[in-house]
Amino acid sequence: METLQATFFLFAFVPLVNPAPPLQQESVQFYEYDTDVSMGSLTQDYEMQSKDVRKDGTNVSLDTSLMLQRDDSQLDVPPTKDTNLPTCLLCVCLSGSVYCEEIDIEAVPPLPKETAYLYARFNKIKRIAASDFADITTLRRIDFSGNRIEEIEDGAFSKLLLLEELSLAENRLVKLPVLPPKLTTFNANQNRIKSRGIKANAFKKLTNLAYLYLGHNALESVPLNLPESLRILHLQYNNITTITDDTFCKSNNTRYIRTRMDEIRMEGNPIVLAKHINAFSCLRMLPVGTYY
């Protein structure tokens, strides 16, 4: 009887000395380099904390080789026109291109003088000043899509003689600025622009303009004096109620053909295009829109 009790006693305590299950074994922590970060939980900690790391690198809490090392002493340097360092810490500068996307900036940052391409999409910029590009004459492309721009100072783009592409889509503009002369693509989709916010000759002298996007605004009419160079014109989902025989064509010249125009979109406007069929006599293709 004593032998049986002893045997039962041994079997009852065997699980206490067996190795831990696999899941528990994997949780054993190993330390290296005298840090407080365990290798067993490094991946999980990195994934959780990297979500809180700001793109300017100022909120980095892990001191490991997995995180980008930055000189914190440089982050306090105020942006000035004498140095490019703050902008290129905040943004990404690569051989003439500056990427300042989704970093919540509220103004255009100082740019390196050799900047040719600026991408500042999805920020909180509300205003563009004439001084923002006064010294940057090398710009060829600017993209301010997805900001909160309500105002653009007169002359903000006037010195950008090389600028070919400009996007102001998804902002809060009610009028258009004066555009630079060599522009080939202009995108102002999804703003609050009304016809009175576009000057009569806003596009007349833009002889290189091929792509014009003004969809999803509040236009009551098609802009006047569209250049012959236009290939694509988007006016969908505005409030256009009328067009004339001179909107796209020339009523005094029945032989006139607008040879370069490939696409006009006018769907979503309160206008029946079939009532203005003579307005399209010079086009190779009818506009997209409602005809009955």
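The questions and answers below concern a predicted model.

Trainee: In what order do the nine strands of the open sheet lie?
Mentor: The model is predicted, and its sheet is open with mixed pairing. Strands of a sheet pair through backbone hydrogen bonds, either parallel or antiparallel. Read across the sheet, the order is β1-β2-β3-β5-β7-β8-β9-β10-β11.

Trainee: Which are the edge strands?
Mentor: An edge strand of this sheet pairs on one side only. That holds for the two strands at residues 92-94 and 263-265. They are β1 and β11.

Trainee: By what angle are neighbouring strands of this sheet turned against each other on average?
Mentor: The value is an average over neighbouring strands of the sheet. Direction is ignored in it. The angle is 5°.

Trainee: Do strands β8 and β9 pair in the parallel or the antiparallel sense, and what is the bridge partner of F186 in β9?
Mentor: Strand β8 covers residues 185-187 and strand β9 covers residues 211-213. Three bridges link them, and the sense of the pairing is parallel. Within β9, the bridge partner of F186 is L212.

Trainee: Where does H216 lie, and what is its phi?
Mentor: H216 belongs to the loop between β9 and β10, the latter at 232-234. Its relative accessible area is 35%, so H216 is partly exposed. H216 is a residue other than glycine, yet its phi is positive, near 60°.

Trainee: What is phi of Y237, and is Y237 buried or partly exposed?
Mentor: Y237 sits in the loop between β10 and β11. Phi of Y237 is near 55°, again a positive value in a residue other than glycine. With a relative accessible area of 43%, Y237 falls between the limits of 20% and 50% and therefore counts as partly exposed.

Trainee: Why does S145 count as buried, and which side chains does S145 join by a polar contact?
Mentor: S145 is in the loop between β5 (141-143) and β6 (151-152). Buried means under 20% relative accessible area, and S145 has 9%, so S145 counts as buried. One polar contact, of 2.7 Å, joins the side chains of S145 and S167. Another, of 2.6 Å, joins the side chain of S145 to that of D143.

Trainee: Which backbone nitrogen atoms lie by the side chain of S195, and at what distances?
Mentor: S195 is part of the loop between β8 and β9. Its relative accessible area is 19%, which means that S195 is buried. A polar atom of the S195 side chain lies 3.1 Å from the backbone nitrogen of S221. The S195 side chain also reaches the backbone nitrogen of E220, at 2.9 Å.

Trainee: How far apart are R140 and L183 in sequence and in space?
Mentor: R140 lies in the loop between β4 (127-128) and β5. R140 has 35% relative accessibility, so R140 counts as partly exposed. In sequence, R140 and L183 are 43 residues apart. In space, C-alpha to C-alpha, the two are 9.0 Å apart.

Trainee: Is V178 buried or exposed, and how far is V178 from D154?
Mentor: V178 is found in the loop between β7 (165-167) and β8. The limit for exposed is over 50%, and V178 has a relative accessible area of 51%, so V178 is exposed. V178 and D154 are 24 residues apart in sequence. Their C-alpha atoms are 7.0 Å apart.

Trainee: How much space lies in the largest pocket, and which residues lie nearest its centre?
Mentor: About 500 Å³ of space lies in the largest pocket. Its lining of 25 residues divides into 11 nonpolar, eight polar and six charged. Those nearest the centre of the pocket are P223, L224, N225, L226 and T247.

Trainee: How many cavities of 30 Å³ or more are found, and which residues line the largest cavity?
Mentor: A search of the whole structure finds one cavity of 30 Å³ or more. The largest cavity holds about 40 Å³ of space. Its lining has five nonpolar, no polar and two charged residues. The lining residues are M261, D262, E263, I264, L283, M285 and L286.

Technical notes: Residues numbered from 1 in each chain as written. Predicted model: local features only at pLDDT ≥ 70, side-chain atom pairs only at ≥ 80, totals over all residues. Heavy atoms only, no water. Pairing = 2+ DSSP bridges. Helix = DSSP H or I, 4+ residues; strand = E, 2+ residues; numbered from the N terminus. Axes fitted to C-alpha atoms, helices over the stretch in contact; angles between N-to-C directions. Buried < 20%, exposed > 50% of the residue type's maximum accessible area, 1.4 Å probe, protein only. 1 Å grid on protein atoms, 1.4 Å probe; cavity = no way out; pocket = protein on both sides within 12 Å on 5 of 7 lines; lining within 4 Å. Points joined across faces, edges and corners; volume = space filled by probe spheres on them. Nonpolar A, V, L, I, M, F, W, Y, C, P; charged D, E, K, R; others polar. Polar contact = N/O pair within 3.5 Å; in protein donor to acceptor, adjacent residues only side chain to side chain.
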